Amino acid sequence: MARDVRFESTTPIKFDPNLKPGDVPPAPNVFPWPRDAQGNLKVLSICACGLSAKFPICDGGHKACRDTEEPGHVYRYDPITKAVIDKRAE
Ligand code: FES
């Protein structure tokens, strides 16, 4: 099983642990590393399925493909509804 995912960015997304909440990032692709209420760095889950609406951060969108895709097929999903819009043999 696999997924066709469209990427349009030509730059990396960066999480800077030196940025504090409220800091102005130096570029649009730079974000502060998430912190807990005490200011400690939090575990960051990176999307590996390609379906997150908050890519590259996992937002739980992987539940649309987990345990549903058949081996030997490539899937394409609607980016909004997460419904399968195409399925074909690999
Ligand atoms: S791994 Fe992609 S949304 Fe969670």
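Which residue of strand 5 stands opposite Tyr77? Work through the exercises below to place this pair in its sheet.

**Before you start**

This is a predicted model: local features need pLDDT of at least 70, side-chain atom pairs count only at pLDDT 80 or more, and totals for chains, interfaces and linings use all residues. Residues are numbered from 1 along each chain as its sequence is written, and side-chain values use heavy atoms, with hydrogens and water left out.

**Exercise 1. Work out the sheet.**

Solution.
- Step 1. Start with the opening pair: Tyr77 stands opposite Val84 in strand 5. Strands are DSSP runs of E with at least two residues, numbered from the N terminus.
- Step 2. Find the order. The open sheet has 3 strands, in the order 1-4-5, and its pairing is mixed. Two strands pair if DSSP finds at least two bridges between them.
- Step 3. Look at the edges. Strand 1 and strand 5 (84–89) each have a single partner strand, so one side of each has no neighbour in the sheet.
- Step 4. Take strand 4 (residues 73–77) with strand 5. They pair in the antiparallel sense over 5 bridges.
- Step 5. Take strand 1 with strand 4. They pair in the parallel sense over 2 bridges.
- Step 6. Follow Val74. In strand 5, Arg88 stands opposite Val74. In strand 1, the residue to check is Ala2, and its bridge partner in strand 4 is Val74.

**Exercise 2. Decide whether strand 4 is enclosed or open, and find the core.**

Solution.
- Step 1. Fix the cut-offs. Buried means under 20% relative accessible area, exposed over 50%, and partly exposed in between (1.4 Å probe, protein chains only).
- Step 2. Count. In strand 4, 4 of the 5 residues are buried, so the strand is largely enclosed by the rest of the structure.
- Step 3. List the core. The largest nonpolar core has 6 residues: Cys47, Cys49, Leu51, Cys65, Tyr75 and Tyr77. Such a core is a set of buried Ala, Val, Leu, Ile, Met, Phe, Trp, Tyr and Cys residues joined through side-chain atoms within 4.5 Å.
- Step 4. Recall the general trend. In soluble globular proteins, nonpolar side chains tend to be buried together.
- Step 5. Check the contacts of Tyr75 (heavy atoms within 4.5 Å). Leaving out residues up to four places away in sequence, Tyr75 touches several residues, among them Ala2, Thr68, Val84 and Lys87.

**Exercise 3. Compare two residues with positive phi.**

Solution.
- Step 1. Place Asp67. This residue is in the loop between strand 3 and strand 4. Its phi is positive, about 65 degrees, although Asp67 is not a glycine.
- Step 2. Place Lys82. This residue is in the loop between strand 4 and strand 5. The hairpin of these strands has 6 residues between them, and Lys82 takes a positive phi near 65 degrees there.
- Step 3. Judge the accessibility. Asp67 is exposed, at 78% relative accessible area. Lys82 counts as buried, at 19%.

**Exercise 4. Examine the loops further.**

Solution.
- Step 1. Find the cis bond. The peptide bond from Phe55 to Pro56 is cis, with omega near 15 degrees. Pro56 is in the loop between strand 3 (30–32) and strand 4.
- Step 2. Add Asp36. This residue lies in the loop between strand 3 and strand 4. Asp36 is partly exposed, with 30% relative accessible area.
- Step 3. Move to Ile13, in the loop between strand 1 (2–3) and strand 2 (14–16). Ile13 counts as partly exposed, at 36% relative accessibility.

Key. Helix = DSSP H or I, 4+ residues; strand = E, 2+ residues; numbered from the N terminus.
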